[in-house]
Amino acid sequence: MTKEKPLTDNETIARLKNQLEHKEKALHLIQEIDNIRDQTQNLVPMLSSIVNLLADEFNTILCLLALADQDSGTVELKAVHRQQQTESDVSRLIQRELVEKAVHLQQVTILDHNDLIGQFDLPDDLYITAVPIALDPKEPLGALLLARRKKPFSAADVELLSIAEQHIDSAVIQGHAH
């Protein structure tokens with residue numbers, strides 16, 4: 001049985017600084033989403049603002065939000081933030097192929113490149129994360145998809161997106177009510 005070496009003071013301070021930075025990012029994200037929700041009554045402008053916020057926060061080339069129609073269940077694209085240089089194939093694939101799958105996920109998921117998009121001619125340095133939006137797992141509201149190049153999504157990103165989803169779902173409900 002190996003005994004873990006105790007952290008030095010500098011290592012402890014560095015770890016605590018990282019934890020504090022993560023908590024500050026989470027708080028900032030919550031505040032921004034709540035401000036958008038509180039200041040915008042109409043659903044589509046509210047969702048567009050949230051998508052723009054997330055695209056900036058996570059440095060994505062593409063961020064989209066789709067909602068399931070309340071009556072038919074059909075998934076409809078509601079908001080997109082796309083960098084101008086985003087390849088049209090990437091945009092088309094993400095919008096059509098993956099959003100349906102993302103709506104039915106149970107948690108924020110870093111999508112496996114080979115399993116989901118390996119049959120398409122897409123860059124190897126493309127990373128996609130799906131965020132299902134739901135108040136109740138049995139009744140999905142929609143999903144977010146975020147794509148970026150060169151930098152994979154981290155466990156900290158997944159945690160921040162999970163926190164964001166907890167506030168986005170209430171924004172969706174509020175937007176539907178108005």
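These are legends for close-up views of a predicted model.

**View 1. A five-stranded open sheet, strand by strand.** Reading across the sheet, the order is E2-E1-E5-E4-E3, and the pairing is antiparallel. E2 and E3 (109–110) sit at the edges, each pairing on one side only. As background, strands of a sheet pair through backbone hydrogen bonds, either parallel or antiparallel. The next two views take the two ends of this sheet in turn.

**View 2. The E1–E2 end of the sheet.** E1 and E2 (residues 75–82) run antiparallel and are joined by seven bridges. To find your place, start at Leu 62, whose bridge partner in E2 is Arg 82. Then follow the chain to the hairpin of E1 and E2, where six residues lie between the strands. Gly 73 is in this hairpin, and its phi is positive, near 85 degrees.

**View 3. The E3–E4–E5 end of the sheet.** How many bridges hold E3 against E4? The pair is antiparallel and has two bridges, with Thr 109 opposite Ala 130 in E4. On to the next pair: E4 and E5 also run antiparallel, and 10 bridges join them. One handy landmark is Pro 132, whose bridge partner in E5 is Ala 143. The hairpin that links E4 to E5 does so through two residues.

**View 4. The largest nonpolar core, with Leu 54 in the frame.** This core has 32 residues, and Leu 29, Ile 50, Leu 54, Leu 65, Leu 144, Leu 146 and Ile 168 are the ones with the most contacts inside it. Which elements each supply at least two of its residues? They are helices H1 (9–39), H2 (43–57) and H5 (155–177), along with strands E1 (62–68), E4 (126–136) and E5 (139–149). Leaving out residues up to four places away in sequence, Leu 54 touches Leu 29, Asn 59, Cys 63, Leu 144, Leu 146, Ala 164 and Ile 168. Apart from this core lies another, of 16 residues, with Leu 62, Ala 102, Leu 111 and Ala 147 among them.

**View 5. Leu 160, a helix residue facing a stretch of chain far back in the sequence.** Leu 160 lies in helix H5. It counts as buried because its relative accessible area is 5%, and the cut-off for buried is under 20%. Not counting residues up to four places away in sequence, Leu 160 touches His 22, Lys 25, Ala 26, Leu 29 and Phe 58. Take Lys 25 as an example: Leu 160 is 135 residues from Lys 25 in sequence, yet the two C-alpha atoms are 7.9 Å apart in space.

**View 6. Arg 148, a buried arginine with polar company.** Is this residue, sitting in strand E5, buried or exposed? Arg 148 is buried, since its relative accessible area is just 4%. Zoom in on the polar atoms of its side chain: one lies 2.8 Å from the backbone oxygen of Lys 151, and there is a distance of 3.0 Å between a side-chain polar atom and the backbone oxygen of Pro 152. Setting aside neighbours within four places in sequence, Arg 148 is also in contact with a list of residues that includes Phe 58, Asn 59, Thr 60, Asp 125, Tyr 127, Phe 153 and Asp 157.

**View 7. Two loop residues with positive phi.** Asn 59 is in the loop between H2 and E1, and its phi is near 50 degrees, a positive value in a residue other than glycine. Asn 59 counts as exposed because its relative accessibility is 57%, and the cut-off for exposed is over 50%. Now look at the loop between E5 and H5, where Lys 150 is found. Lys 150 is not a glycine either, and its phi is positive at about 70 degrees. Its relative accessible area is 66%, so Lys 150 is exposed.

**View 8. The largest pocket and its lining.** The volume of this pocket is about 230 Å³. Of the 15 residues that line it, Leu 105, Gln 106, Gln 107, Pro 132 and Ala 134 are the closest to its centre. Which elements give two or more residues to the lining? Those elements are E4 and H5, and E4 gives the most, with five residues.

Technical notes
Residues numbered from 1 in each chain as written. Predicted model: local features only at pLDDT ≥ 70, side-chain atom pairs only at ≥ 80, totals over all residues. Heavy atoms only, no water. Core = buried A, V, L, I, M, F, W, Y, C linked by side-chain atoms within 4.5 Å. Buried < 20%, exposed > 50% of the residue type's maximum accessible area, 1.4 Å probe, protein only. Helix = DSSP H or I, 4+ residues; strand = E, 2+ residues; numbered from the N terminus. Contact = heavy atoms within 4.5 Å. Pairing = 2+ DSSP bridges. Polar contact = N/O pair within 3.5 Å; in protein donor to acceptor, adjacent residues only side chain to side chain. 1 Å grid on protein atoms, 1.4 Å probe; cavity = no way out; pocket = protein on both sides within 12 Å on 5 of 7 lines; lining within 4 Å. Points joined across faces, edges and corners; volume = space filled by probe spheres on them.
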